[in-house]
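Trainee: I should like to work through this structure by question and answer. May we begin with the overall fold and then turn to the surface and the aromatic residues?

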Amino acid sequence: MERLEIQRIEKEKWHQLEAKDLERRNEELEELYLLERCFPEAEKLKQETRLLSQWKHYIQCDGSPDPSVAQEMNTFISLWKEKTNETFEEVIEKSKVVLNLIEKLKFILLETPPCDLQDKNIIQYQESILQLQELLHLKFSVATEILLRQASTLADLDSGNMEKVIKDENVTLYVWANLKKNPRHRSVRFSETQIGFEIPRILATSDIAVRLLHTHYDHVSALHPVSTPSKEHTSAVTELVKDDVKNVEKAISKEVEEESKQQERGSHLIQEEKIKVEEEQGDIEVKM
């Protein structure tokens, strides 16, 4: 009888675990149904957002190119390459347009469904982003060189060395040039800031300049590639959700069937145990 009680307790625990698992699967099934209902609305909202972005660009009329049109982007990049002798302030002002174009291109790559993006368009957008990033970095370097040519006119009255700080919402530039070459002036701190550094003695007597460029955007990470799935893999997500729902339903029905079978087997085992106990008790009585 003690063994039957242990088996009964174990079966109760097992049924409790099965009930929790079944409840979890039902919750997952409800979530899948919810995703299936919400997906068309989400796709519609994304499409409206893309159309709204195109409309805003159209009504701005600020002379900036349409990032989705290769000819306009190539013209914009070529014209900016040809422009020379830009000051750092001018490059910073231009960088606002460039960063906005980069964000728009990234938005197109991320939000446009893969089935609506052709391989040539993906390559075009990625190349435009890389060209804009490289050109912007080059323009900052050239503008810094132009700034250093004016180092003597920007010398600090106390140290005699050049110090220049240019701040913007996207970029902050710190430039220091060693004009006096005084070995005692090894510690540098830009005025009205907490930014500074210390140089070795050998560099304190050398013709050197230091540039610190702090950006509020990522100008280091490489561009992440965008997958270009084949047509066989560009089926709508709703179909995938439906398949998942069917699989979960099958799994739940299978578990219910297995549970009922286990219950039947358990009842048979209990009945057999009872019969064995009764037979043992009968044998004991006969022996007595």
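The exchange below concerns a predicted model.

Trainee: Which pattern does the protein chain follow along the sequence?

Mentor: The protein chain has 6 helices and 5 strands. Read along the sequence, these elements follow the pattern α-α-α-α-β-β-β-β-α-β-α.

Trainee: What percentage of the residues in the protein chain is buried?

Mentor: A residue counts as buried when its relative accessible area is under 20%. The protein chain has 288 residues, and the buried part makes up 27%.

Trainee: Which residues gather in a patch of negative charge on the surface?

Mentor: One of the residues concerned is glutamate 27, placed in helix H1, which covers residues 2-60. A patch residue must have over 30% relative accessible area, and glutamate 27 has 43%, so it is partly exposed. The residues that gather in this negative patch are Glu23, Glu27, Glu30 and Glu31.

Trainee: Is leucine 52 buried or partly exposed?

Mentor: Leucine 52 also has its place in helix H1. Together with Trp55 and Ile59, Leu52 makes a nonpolar surface patch of about 320 Å². Values between 20% and 50% count as partly exposed; the relative accessible area of leucine 52 is 44%, so this residue is partly exposed.

Trainee: How many aromatic pairs does the count come to, and why is the pair of tryptophan 176 and phenylalanine 197 classed as it is?

Mentor: The count comes to 4 aromatic pairs. In the pair of tryptophan 176 and phenylalanine 197, the ring centres are 5.8 Å apart, and rings pair when their centres lie within 6.5 Å. Planes over 60 degrees apart count as edge-to-face; here the planes stand at 80 degrees, so the pair is edge-to-face.

Trainee: How many residues apart are tryptophan 176 and phenylalanine 197?

Mentor: Tryptophan 176 lies in strand S2, residues 171-177, and phenylalanine 197 in strand S4, residues 196-198. Both residues are buried. The pair links distant parts of the chain, with its members 21 residues apart.

Trainee: What is the geometry of the pair formed by phenylalanine 190 and phenylalanine 197?

Mentor: Both of these phenylalanines are buried. Their rings lie 6.4 Å centre to centre, with 55 degrees between the planes. An angle from 30 to 60 degrees is neither stacked nor edge-to-face, and this pair is tilted.

Trainee: Which residues do ring pairs link into a cluster?

Mentor: Phenylalanine 197 pairs with tryptophan 176 and with phenylalanine 190. Ring pairs link these residues and a tyrosine into a cluster. The members are Tyr174, Trp176, Phe190 and Phe197.

Terms used. Residues numbered from 1 in each chain as written. Predicted model: local features only at pLDDT ≥ 70, side-chain atom pairs only at ≥ 80, totals over all residues. Heavy atoms only, no water. Patch = residues over 30% accessible without salt bridge, like charges linked within 9 Å, V, L, I, M, F, W, Y side chains within 5 Å. Areas by Shrake-Rupley, 256 points an atom, 1.4 Å probe, with all protein chains shown as cover. Salt bridge = Lys/Arg side-chain N within 4 Å of Asp/Glu carboxyl O. Lys, Arg positive; Asp, Glu negative; His and termini not counted. Charge placed at Lys NZ, Arg CZ, Asp CG, Glu CD. Helix = DSSP H or I, 4+ residues; strand = E, 2+ residues; numbered from the N terminus. Buried < 20%, exposed > 50% of the residue type's maximum accessible area, 1.4 Å probe, protein only. Phe/Tyr/Trp six-rings, centres within 6.5 Å; stacked < 30°, edge-to-face > 60°.
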